[in-house]
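Subject: Structure for your files

Hello,

Please find the structure below, with notes on what turned up in it. Have a look at the coordinates first, then read on.

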Amino acid sequence: MQLAKFLDPRRVRDLLSRRDTSEAVLHPDAATIDLVKAAPPPSPLAPVDLTDPGQVSGVMDIAARIGGILLSSGTSNSDAKEQIHAVASAYGLHYCHVDITLNTITVFTIVGTSNRAPISVFRVVRKLTIDFSKLSEVDRLIRSIQAGATPPEVAEKALDELIAAPPPFGLKMSLFGWSLMAAAVAVLLGGNALVAAISAASALVIMGGSAWLDSKRLPVFFQNIYGGFVATMPAAVMYHFVISQGFQLAPGQIIASGIVVMLAGLTLVQALQDGITGAPVTAGARFFETMLLTGGIVAGVGIGLEVSAYLGISLPLYETSPTTGFSSATVKVISGAIASAGFTIACYSEWSSVFISGLASVTGSGIYYLVLLPQGLGPVVGIGIAATMIGLFGGLLARRFRVPPLITAVAGITPLLPGLAIYRGMYAIMHDQMVVGYSAMTLALAIATSLAAGVVLGEWVARKLRRPPMFRPYQTMQRLRSSPFKRPVA
């Protein structure tokens, strides 16, 4: 915990555990975004000199840097904006404007009374990251600032160390998480132990190679082409080898698990949430980015299918009937939970986040495979309902254990991503079955949109259920029918 080294532990523990005062600010079962919308700062006295442009710009810079970490972790436009404003307001800078457009943050205010000087801070967020440990740390920092326990100079030092700090564990552990996720997804799709082992090895090569290519600053689009190709070729080679030995293997399960690994963490949920919450420009840009990166995966799979055909390896369409007994609904639910846990490990999450994400996935997957599918509900509607329950149950658990709800939302839906539909679509298109192919790709887009919409709706309901009472002084004064300008009647 980066912030702990700068603060007196007894003071922080006392501030974060008090419930007799500032209940709306220090509510233990609320997410940070709920707290910043619920109540004013803990003190009306500004801890900085609001007539000093240097101190004011320093507070604005702290708030913008915190917003940059939030945005890079996948936080929506509106939530990041609220938390930036809350940080500035906690230091006494109540009247400032915050604007976020895609990956740029602008904070503006005016200082002085007679000679009013405009001050603005501009920050650019370079790219999305998959380091959820920083999101958890900055969440605690915002809580501490809101509680009045962190002066600006301490917050600045904490941010310096937070940004420069390496992940809590190394690349090997992250690659293990990706491999665990791929193996669980393969079992979720009906694969046996051999399919799970091959999928885990493919994910290791995909994500390890992508990390190396990213260090060389290759654009993510080409990294996804590489990943789609690697997801296809080992499956084709192993299929050809196993068939020649007289055994059975479903290569589609391996390819689909690799696609799900690459789809995990894309910005579709963030894009849809931005659109719903009133940021259409940012939402449109993020949606285009998501479609472009998904197109890279599709292109890589298509190249892999072409190379396989050139080598004389004809891959079959994925069989709808499972080849082993691993496809029972109970195993699917457990596999979904393991896949979500693997994703959170791959994203350097804390162990509490891993556990809660697994529980959220169990809830959604259990409802989908044990309740909705037996009733004959279609995949789009069924997955949308399951995603809503993931957003709701995961959001409530996240608030109970003080985990950023974004982690449980993104991790919880990863087992339900439409990797299989994308593979079916590409297979059909490469074999001149255009109607079938476009139908499958449309189904994949519909499932992805249903996932994003469902998890956003569930999180909204969880936020309404656990949000602390709002502080509205003007409405309270009107309700009491009191006014400072009224004079007593003689």
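How many salt bridges does the structure hold? The structure holds 10, a salt bridge being a side-chain nitrogen of Lys or Arg within 4 Å of a carboxyl oxygen of Asp or Glu. Before the details, some ground rules: this is a predicted model, in which local features need pLDDT of at least 70, side-chain atom pairs count only at pLDDT 80 or more, and totals for chains, interfaces and linings use all residues. Residues are numbered from 1 along each chain as its sequence is written, and side-chain values use heavy atoms, with hydrogens and water left out.

Salt bridges

Side chains of opposite charge can pair when their charged atoms come close. One network of salt bridges links Asp79, Arg399, Glu459 and Arg463. Within it, Glu459 pairs with Arg399, with 2.7 Å between the closest N and O atoms. That pair connects distant parts of the chain, since Glu459 is in helix H18 and Arg399 in helix H15, 60 residues apart. Helices here are DSSP runs (H or I) of at least four residues, strands are runs (E) of at least two, and both are numbered from the N terminus.

Glu459 also forms a salt bridge with Arg463, where the closest N and O atoms are 3.5 Å apart. These two residues are separated by about one helical turn, because they are four residues apart in H18. Glu459 is buried at a relative accessible area of 10%, and Arg463 is buried at 8%. Arg399 is buried as well. The classes are buried for under 20% relative accessible area, exposed for over 50%, and partly exposed in between (1.4 Å probe, protein chains only).

A further salt bridge joins Lys134 to Asp131, with closest N and O atoms at 3.3 Å. Both Lys134 and Asp131 are buried.

Helices and the UniProt record

An unreviewed UniProt entry places the feature "transmembrane region" at residues 225-243, 249-269, 290-313, 325-347, 354-371, 377-398, 405-423 and 435-462. The positions are in the numbering used here, feature names are shortened, and such annotations may be inferred rather than shown by experiment. In the model, residues 435-462 are 100% helix and 0% strand, with end C-alpha atoms 40 Å apart. Residues 405-423 are 68% helix and 0% strand, and their end C-alpha atoms lie 30 Å apart.

Helix H9 (residues 220-244) has 25 residues and reaches 37 Å from its first C-alpha to its last, close to the 36 Å expected. The expected span is 1.5 Å times one less than the number of residues. Just after H9, Gly246 takes a positive phi of about 85°. For the 13 residues of helix H10 (residues 251-263), the expected span is 18 Å, and the 19 Å between its end C-alpha atoms agrees. H10 is largely enclosed by the rest of the structure, because 13 of its 13 residues are buried.

The hairpin

Strands S1 (residues 97-101) and S2 (residues 104-111) run antiparallel and are joined by five bridges; two strands count as paired if DSSP finds at least two bridges between them. The side chains of S1 alternate: Val98 and Ile100 point to one face and are buried, whereas His97, Asp99 and Thr101 point to the other and are not. Val98 stands opposite Val107 in S2.

S1 and S2 form a hairpin with two residues between them. In the turn, Leu102 has a positive phi of about 60° although it is not a glycine. Leu102 is partly exposed, with a relative accessible area of 28%.

Other points

Arg402, in the loop between H15 (379-400) and helix H16 (405-412), is not a glycine either and has a positive phi of about 55°. Arg402 is partly exposed at 31% relative accessibility.

Thr51 is in the loop between helix H2 (32-38) and helix H3 (53-72) and is exposed at 55% relative accessibility. Thr51 and Val111 are 60 residues apart in sequence, yet 5.7 Å apart in space, C-alpha to C-alpha.

Lastly, Phe287, Met291 and Leu445 make a nonpolar surface patch of about 220 Å². Patches are made of residues with over 30% relative accessible area and no salt bridge, with like charges joined within 9 Å and nonpolar side chains (Val, Leu, Ile, Met, Phe, Trp, Tyr) within 5 Å. Areas come from the Shrake-Rupley method with a 1.4 Å probe, and for residues only the protein chains shown count as cover. Leu445 is in H18 (residues 434-466) and is partly exposed at 35%.

Regards
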